[in-house]
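Subject: Structure for you to look through

Dear colleague,

I am passing on the structure we talked about, and I would ask you to keep it open while you read the notes below. They go through it place by place.

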Amino acid sequence: MHKRLLIPGPTEVKSDVLKQQAKPLIGHRPKEFTELYTGIFDKLQKFHKTKQWVTVPTASGTLFMDMTARSLVKEKALCCVNGAFSKRCADTIKACGKEIEKIEIEWGKAVKPEVILEKLDSGKYDTLTLCHNETSTGVRNPIYEIGKAVKKEHPDIMYVIDSVSAMGGDKVIPEEIQCDLIYASTQKAYALPPGLAIGFVSDAAIKRCEEVPNRGRYTDLKGLYDYYQKKQQTPSTPNVSLLYALSYQLDRMLEETSEGRHKRHEEMAKWTQEWAKKHFEMFPEPGYESITVSTIKNTKGKSVAELNKELAKRNYMISNGYGDLKEKTFRIGHMGDWTTADIKDVCSHIEEIWEL
Ligand SMILES: Cc1ncc(COP(=O)(O)O)c(C=O)c1O
């Protein structure tokens, strides 16, 4: 029995989108592939209202953490850590042999521009990393305000953002954010199966790569860029089947418009927050709640594991809290192609099961 996924990724994929993957394969060197890939490039630029170069590697989003370390960090990165995924990014950069310093912020709280500026003023860092939407806590960091403040004082720093669980639903316009790399995975707000990552890259980031030796192969951002400039293709074999699905889904997204998609996510989040406040409390600091995943404090001490067993009988699945937050919080993922009506439905089942 299929459980409809209201977890913070992978999210539900429409059946017509899934079917795109069953198309007969093509090679990745003929003209047909170039047309497919450049078509996706154009649609992504259009949806995100950007002129930045975009790359779609066959990988999950974590690849971009390694790529940040291997291709962008010269010596030392300042990593803002306010949850599990921002910590993963910091740890990955360290594991690649580069120096890091963390700004540790309590889980549930957002990263503010002031704390970053204070640290950056020491001038020791060449890269700044941040998570747009901390999926572990449901906190949405103010990436536009941070970009504005940071780039005014430190224009040369590489501003790198993990938007894995936000981009495609939340508003992401790279030039307005002033970021050098912002990336996502397809299984989240783009509502596709997992297996592709999407990254927007500034010209400055491509220049930075030239100053960073030992970029590897799969993690060589400049390698991807150069190959695209020369052939409008990918240097290694891509997941063509998923690219078909992405191309099709981007047409649907463009039809909805980026504003429409953003508004629908805002509406789902607002409704969920009101519902949560009626029965429980929100976990994130007020004003910084994610619009793609709501993390709710389990103030009534209910069993989230039992809830999910009951929800499964009703063809739904939500998420327990992440790590130490398990059973202390629960998460409703409202990303991708869900609507407020669907969220109301799953919440009415939660009310019945938990007798709220
Ligand atoms: C914010 C964030 N960053 C990174 C990741 C890792 O993404 P992937 O599993 O696509 O590599 C996730 C996955 O949930 C995430 O939510």
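Let me begin with D16, which has a relative accessible area of 30% and is therefore partly exposed, since that class lies between the 20% limit for buried and the 50% limit for exposed. Please bear in mind throughout that this is a predicted model. D16 belongs to helix α1, and, once its neighbours within four places in sequence are left aside, D16 is in contact with Y248 and R252. With Y248 the contact is a polar one, in which the two side chains come to 2.7 Å. If you would like a sense of distance across the model, the C-alpha atoms of D16 and G97 are separated by 44 Å, although the two residues are 81 residues apart along the chain.

**The ligand and its surroundings**

How many residues surround the ligand? There are 15 of them, and the closest are S60, T62, T135, D162 and K188. Sorted by character, this shell consists of 4 nonpolar, 8 polar and 3 charged residues. Several side chains approach oxygen atoms of the ligand: T62 has a polar side-chain atom 2.5 Å from one, S185 has a polar side-chain atom 2.7 Å from one, and in the side chain of Q187 an N or O atom lies 2.9 Å from an oxygen atom of the ligand. The ligand taken alone would expose 390 Å², and the protein buries 88% of that.

**Y183 in strand β9**

Strand β9 covers residues 181-185, and Y183 is found in it. Is Y183 buried or exposed? Its relative accessible area is 0%, so Y183 is buried. Beyond its neighbours within four places in sequence, Y183 has contacts that include G61, F64, C89, V160, D162, M167 and I198. G199 is also in contact with Y183, and the C-alpha atoms of these two residues are 4.1 Å apart in space, while in sequence they are 16 residues apart.

**T11, R264 and the residues they meet**

T11 sits in the loop between β1 (4-5) and α1 (15-19), and because its relative accessibility is 3%, T11 counts as buried. Not counting residues up to four places away in sequence, T11 touches L5, Q187, K188, A191, M335, G336 and W338. Two of these meetings can be described at the level of atoms: a polar atom of the T11 side chain lies 3.2 Å from the backbone oxygen of M335, and a polar contact of 3.4 Å joins the side chains of T11 and W338.

W338 appears again when you turn to R264, which has its place in helix α11. The backbone oxygen of W338 is 2.5 Å from a polar atom of the R264 side chain. Although arginine is counted as charged, R264 counts as buried because its relative accessibility is 13%, and the limit for that class is under 20%. With neighbours within four places in sequence left aside, R264 is in contact with E256, G336, D337, W338 and T339.

**Two helices, α2 and α13**

Helix α2, residues 31-47, has 17 residues and reaches 24 Å from its first C-alpha to its last, which is close to the 24 Å expected at 1.5 Å a residue. This helix is mostly covered, as 12 of its 17 residues are buried, among them F33, L36, Y37, I40, F41, L44 and F47, but also K43 and Q45. Which elements provide the cover? They include β2 (53-55), β10 (197-201), α9 (221-231), α10 (240-256) and α11 (258-279). The helix is followed by K49, whose phi is positive, near 45 degrees.

Helix α13, residues 340-354, can be read in the same way. Its 15 residues should span 21 Å at 1.5 Å a residue, and its end C-alpha atoms are 21 Å apart, so the two values agree. The buried residues of α13 are T340, I343, V346, C347, H349, I350, I353 and W354, and what covers them includes α11, α12 (304-313), β13 (316-317) and β15 (329-333). Just after α13, E355 takes a positive phi of about 50 degrees.

With best wishes

Conventions:
Residues are numbered from 1 along each chain as its sequence is written. This is a predicted model: local features need pLDDT of at least 70, side-chain atom pairs count only at pLDDT 80 or more; totals for chains, interfaces and linings use all residues. Side-chain values use heavy atoms; hydrogens and water are left out. A residue is near a molecule or strand if one of its heavy atoms lies within 4 Å of it. A polar contact is a pair of N or O atoms within 3.5 Å; within protein, one must be able to donate a hydrogen and the other to accept it, and residues adjacent in sequence count only if both atoms are side-chain atoms. Accessible areas come from the Shrake-Rupley method with a 1.4 Å probe; for residues, only the protein chains shown count as cover. Helices (H or I, at least four residues) and strands (E, at least two) are DSSP runs, numbered from the N terminus. The expected span of a helix is 1.5 Å times one less than its number of residues. Buried means under 20% relative accessible area, exposed over 50%, partly exposed in between (1.4 Å probe, protein chains only). Contact means heavy atoms within 4.5 Å.
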